[in-house]
Amino acid sequence: MGLVAFYPLAVADGMRPLMHAQVHLRIPLHYQTHGIDISHHNGTVDWQKATAYNQHFSSVKFCFLKATEGGDMVDETFQANWEELKSLHVKRGAYHYFKPHTDVRLQALNYILNVKFDKGDFVPVLDWEEEGYTQNTQELIGNVRQWLQMIEKHYGVKPIIYTNRIIYRKYIYNHFDDYPLWISHYNVAELDGYDLSNVYFWQYSMNGKVEGIQTPVDFNVFLKDKFDYERITFRQ
């Protein structure tokens, strides 16, 4: 079964069950725009199947790809997937996995050297999931802010921060309030405990199934209206 995105009818909580082999999850149907994020861990993707249309929905309306990690790692599937998404006119984004103990300048350079954007692409994304085991709070916040500022200076746009509940509460809230956010939070019907004014994406499952992808995949939903896309995309 593909990733379904259409309005709830008789579903009381706005969530629709998705059954697929050993997978059982619920999709928040009251949002219109659904998508996925992948990396090399998802293997080879049949994008024709993953993005196929039928009369009701598009399986994947947007996709974020892992581009880089740390100071020198480049995802081996990034470039091929990046180009294929462009050819299929699927809205695309690229994220960098932040490593707290790797030189921030090298991490920014790694991303800049490997990710080239076109008009309509999502702005850069920083994937911030690790706290680091020796850094204090202010040092880590400062390093993340440096990466964001370097990326913004180079591309001319403010990046999106992807994170989880722990990082959000400890580091992001009241420190990065002017950045668009992408929140990872599973097994809930709605996001709760966040300032939703700057939350644009919600990753609500990492156990989804999409036609054309053999492994479990992260499911995401865009929380804003369509015109808000412009605030987080390249316009030229």
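**Exercise 1. Is Ile-213 buried or exposed, and what is its relative accessible area?** Place the residue in the chain and identify its contacts.

*Solution.* The model under study is predicted.

Step 1. Ile-213 belongs to the loop that runs between β10 and β11.

Step 2. Its relative accessible area is 3%. Buried means under 20%, so Ile-213 is buried despite its position in a loop.

Step 3. Setting aside residues up to four places away in sequence, the contacts of Ile-213 are Ile-36, Ile-38, Asn-42 and Val-45.

Step 4. One of these partners, Ile-38, is 175 residues away along the chain, and its C-alpha atom is separated from that of Ile-213 by 9.7 Å.

Step 5. For the chain as a whole, 63% of the contacts with a separation of 6 or more are between residues 24 or more positions apart.

**Exercise 2. Determine how the residues of helix α5 are distributed between buried and exposed positions, and describe both ends of the helix.**

*Solution.*

Step 1. List the buried residues. In α5, which spans residues 165–172, these are Ile-167, Tyr-168, Tyr-171 and Ile-172.

Step 2. Project them down the helix axis. The buried residues fall within an arc of 110°, and therefore they line one face of α5.

Step 3. Inspect the other side of α5, where Ile-166 and Arg-169 are exposed.

Step 4. Identify the cover. The elements over the buried residues of α5 include helix α4 (137–155) and the strands β8 (160–164) and β9 (181–184).

Step 5. Examine the ends. At the N-terminal end, Asn-164 acts as a cap, with a side-chain oxygen 3.2 Å from the backbone nitrogen of Ile-166. After the helix comes Asn-174, with a positive phi near 75°.

**Exercise 3. Compare the settings of Asn-81 and Asn-143, two asparagines in helices.**

*Solution.*

Step 1. Asn-81 is part of helix α2, while Asn-143 is part of helix α4.

Step 2. Apply the cut-off for burial, under 20% relative accessible area. Asn-81 has a relative accessibility of 8% and so counts as buried. Asn-143, at 17%, also counts as buried.

Step 3. Examine the partners, leaving out neighbours within four places in sequence. Asn-81 touches Ile-38, Trp-47 and Leu-65. Asn-143 is in contact with Phe-98, Pro-100, Val-104 and Gln-135.

Step 4. Look for side-chain polar contacts. The side chains of Asn-81 and Trp-47 are joined by a polar contact of 2.9 Å.

Step 5. Relate this to Exercise 1. Ile-38 is touched by Asn-81 and also by Ile-213.

**Exercise 4. Locate His-89 and Asn-187, give their phi values, and decide whether each is buried or exposed.**

*Solution.*

Step 1. His-89, which is not a glycine, has a positive phi near 60°. Asn-187, likewise not a glycine, has a positive phi of about 60°.

Step 2. His-89 is in the loop between α2 (78–87) and β6 (91–97). Asn-187 is in the loop between β9 and β10 (199–208).

Step 3. The cut-off for exposure is over 50%. At 74% relative accessibility, His-89 counts as exposed. Asn-187 counts as exposed at 81%.

**Exercise 5. Characterise the largest pocket and the largest cavity by volume and lining.**

*Solution.*

Step 1. Begin with the chain. Its secondary structure consists of 5 helices and 11 strands, and 52% of its 236 residues are buried.

Step 2. The largest pocket contains about 430 Å³ of space. Its lining has 23 residues, of which Asp-37, Tyr-95, Glu-129, Tyr-162 and Asp-218 are the closest to the centre.

Step 3. Elements giving two or more residues to this lining include β3 (33–38), β4 (62–69) and β11 (217–222). The greatest contribution is that of β8, with 3 residues.

Step 4. By class, the pocket lining has 10 nonpolar, 7 polar and 6 charged residues.

Step 5. Turn to enclosed space. The whole structure has 1 cavity of 30 Å³ or more, and the largest cavity has a volume of about 50 Å³.

Step 6. The lining of the largest cavity is formed by Tyr-168, Ile-172, Tyr-173, Phe-176, Asp-177, Leu-181, Asp-195 and Asn-198. This lining divides into 5 nonpolar, 1 polar and 2 charged residues.

Step 7. Connect this to Exercise 2. Tyr-168 and Ile-172 are among the buried residues of α5, and both also line the largest cavity.

Notes: Residues are numbered from 1 along each chain as its sequence is written. This is a predicted model: local features need pLDDT of at least 70, side-chain atom pairs count only at pLDDT 80 or more; totals for chains, interfaces and linings use all residues. Side-chain values use heavy atoms; hydrogens and water are left out. Buried means under 20% relative accessible area, exposed over 50%, partly exposed in between (1.4 Å probe, protein chains only). Helices (H or I, at least four residues) and strands (E, at least two) are DSSP runs, numbered from the N terminus. The arc is that of the directions from the helix axis to the C-beta atoms. Contact means heavy atoms within 4.5 Å. A polar contact is a pair of N or O atoms within 3.5 Å; within protein, one must be able to donate a hydrogen and the other to accept it, and residues adjacent in sequence count only if both atoms are side-chain atoms. On a 1 Å grid over the protein atoms alone, a cavity is a set of points where a 1.4 Å probe fits but cannot get out, and a pocket is an open set with protein on both sides within 12 Å along at least five of seven lines; lining residues have an atom within 4 Å of a point. Grid points are joined across faces, edges and corners, and a volume is the space filled by probe spheres set on the points. Ala, Val, Leu, Ile, Met, Phe, Trp, Tyr, Cys and Pro count as nonpolar, Asp, Glu, Lys and Arg as charged, and the others, Gly among them, as polar.
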